[in-house]
Amino acid sequence: ERRASPNTADAYRRDLAAFFAFLSDHLGGAPTLDDLQSLTPADFRSYLARRANEGLARTSVARSMSTLRNFFRFLDRTGKVHNPAIDAVRTPKIPASVPKALTPEDALAAVKAAAEMQDEPWLAKRDMAIMLLLYGCGLRIAEALDLNRGQAPFGEALMVMGKGGKERLVPVLPVVRHAAAAYLKLCPHDVPATGPLFLGVRGGRLNQRIIRAQMQTLREALGLPSTATPHALRHSFATHLL
């Protein structure tokens with residue numbers, strides 16, 4: 001219904017699995033619908049305490065509670081369980097934080113250094129094109145890596161599928177278009193229009209972990225702060241644009 005991203009759906013599944021594992025231990029057996037209806041605020045607080053004691057970050061504990069609220073609302077809406085006790089439990093407060101933007105100099109240094117880290121010319125062009133999509137177009141890393149070959153070479157604008165399946169039209173700077181064209185010219189893999197634009201060494205769709213690991217290496221090499229993540233390049237784009 002909400003068209004949540006696969007990562008969000010996976011997080012919800014993990015949260016619910018952890019909750020039912022807790023209940024099985026807490027109640028001495030697999031919980032029934034009657035058990036769910038009989039849970040008290042103290043039971044929910046015990047679950048939150050267990051998660052916190054496991055070393056879970058406050059943000060993750062808060063997300064776990066949000067997952068449970070949505071789950072119990074679903075059970076109530078479908079007539080399976082009515083238990084208002086969960087509404088009496090407070091969600092841990094999370095300090096507001098926004099990813100810090102890099103300076104224009106650091107952002108450009110990261111883009112250039114990403115290409116210099118690769119020995120293979122086509123991989124160097126690939127990484128520069130990706131970094132420029134993050135910094136030059138404000139794309140999320142998932143949005144950049146979800147692009148297909150048929151969407152390139154880019155024109156003056158690019159249609160991007162964002163969170164919740166929402167589309168938006170993104171202006172594309174000439175430097176970004178040139179970087180993508182340079183990558184395509186050297187890419188050794190023949191991919192159909194419906195195939196991935198950015199490829200790994202073996203020809204499959206590039207995994208986010210590769211770019212995140214590369215950004216960590218860049219942070220150490222350039223002396224950038226720990227807040228210099230791929231997503232920080234997106235915020236840098238917005239900040240420098242303003």
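**Figure 1. Gln214 and the residues it meets.** Setting aside neighbours within four places in sequence, Gln214 is in contact with Ala114, Met117, Gln118 and Asp127. This is a view from a predicted model. Gln214 itself belongs to helix H9, which runs over residues 208-222. Is Gln214 buried or exposed? Its relative accessible area is 8%, and buried means under 20%, so Gln214 counts as buried. One of its partners, Ala114, is worth finding first in your viewer, because Ala114 falls within helix H5 (104-116).

**Figure 2. Asp15 in helix H1.** Helix H1 covers residues 6-27, and Asp15 is one of its residues. Here the relative accessibility is 1%, so Asp15 counts as buried. Which residues does Asp15 touch, once neighbours within four places in sequence are left aside? They are Tyr47, Arg51, Arg63, Ser64 and Thr67. If you go on to the next view, you will meet some of these names again: Tyr47 and Arg51 in H3, and Ser64 in H4, take part in the contact between those two helices.

**Figure 3. Helix H3 packed against helix H4.** Helix H3 (residues 41-53) and helix H4 (residues 58-77) pack at an angle of about 145°, and their axes lie 10 Å apart. The crossing of H3 past H4 is right-handed. On the H3 side, look for Phe44, Tyr47, Leu48, Arg51 and Ala52; these meet Val61, Ser64, Met65, Leu68 and Phe72 on the H4 side. What is the make-up of this contact? Eight of its residues are nonpolar, one is polar and one is charged.

**Figure 4. Thr91 in the loop after H4.** Thr91 sits in the loop between H4 and H5. With a relative accessible area of 33%, Thr91 is partly exposed. Beyond its neighbours within four places in sequence, Thr91 is in contact with Ala62, Met65 and Arg69. Met65 also appears in the previous view, as one of the H4 residues that meet H3. For a sense of distance, pick out Arg3: 88 residues separate Arg3 and Thr91 along the chain, and their C-alpha atoms are 24 Å apart.

**Figure 5. Pro92 in the loop between H4 and H5.** The loop that joins H4 to helix H5 (104-116) also holds Pro92. Pro92 is partly exposed, at a relative accessible area of 24%. Where does Pro92 make contact, leaving aside neighbours within four places in sequence? Its partners are Arg58, Val61 and Ala62. Ala62 is a partner of Thr91 as well, while Val61 belongs to the contact of H4 with H3. Pro92 and Pro230 are 138 residues apart in sequence, with 27 Å between their C-alpha atoms.

**Figure 6. The whole chain, to place the close-ups.** Stepping back, the chain has 10 helices and two strands. Along the sequence these follow the pattern α-α-α-α-α-α-α-β-β-α-α-α. The C-alpha trace spans about 65 × 40 × 35 Å along its principal axes. The radius of gyration is 22 Å, where a compact globule of 242 residues would have one near 18 Å. Of the 242 residues, 37% count as buried, and Asp15 and Gln214 are among them. Of the contacts with a separation of 6 or more, 63% link residues 24 or more positions apart. The chain exposes about 13,900 Å², with carbon and sulfur atoms supplying 55% of that area.

Methods
Residues are numbered from 1 along each chain as its sequence is written. This is a predicted model: local features need pLDDT of at least 70, side-chain atom pairs count only at pLDDT 80 or more; totals for chains, interfaces and linings use all residues. Side-chain values use heavy atoms; hydrogens and water are left out. Axes are lines fitted to C-alpha atoms, for helices over the stretch in contact, and angles run from 0 to 180 degrees between N-to-C directions. Helices (H or I, at least four residues) and strands (E, at least two) are DSSP runs, numbered from the N terminus. A crossing is left-handed if the near helix is turned anticlockwise from the far one by less than a right angle, and right-handed if clockwise. Contact means heavy atoms within 4.5 Å. Ala, Val, Leu, Ile, Met, Phe, Trp, Tyr, Cys and Pro count as nonpolar, Asp, Glu, Lys and Arg as charged, and the others, Gly among them, as polar. The radius of gyration is taken over C-alpha atoms; the globule rule is 2.2 Å times the number of residues to the power 0.38. Buried means under 20% relative accessible area, exposed over 50%, partly exposed in between (1.4 Å probe, protein chains only). Accessible areas come from the Shrake-Rupley method with a 1.4 Å probe; for residues, only the protein chains shown count as cover.
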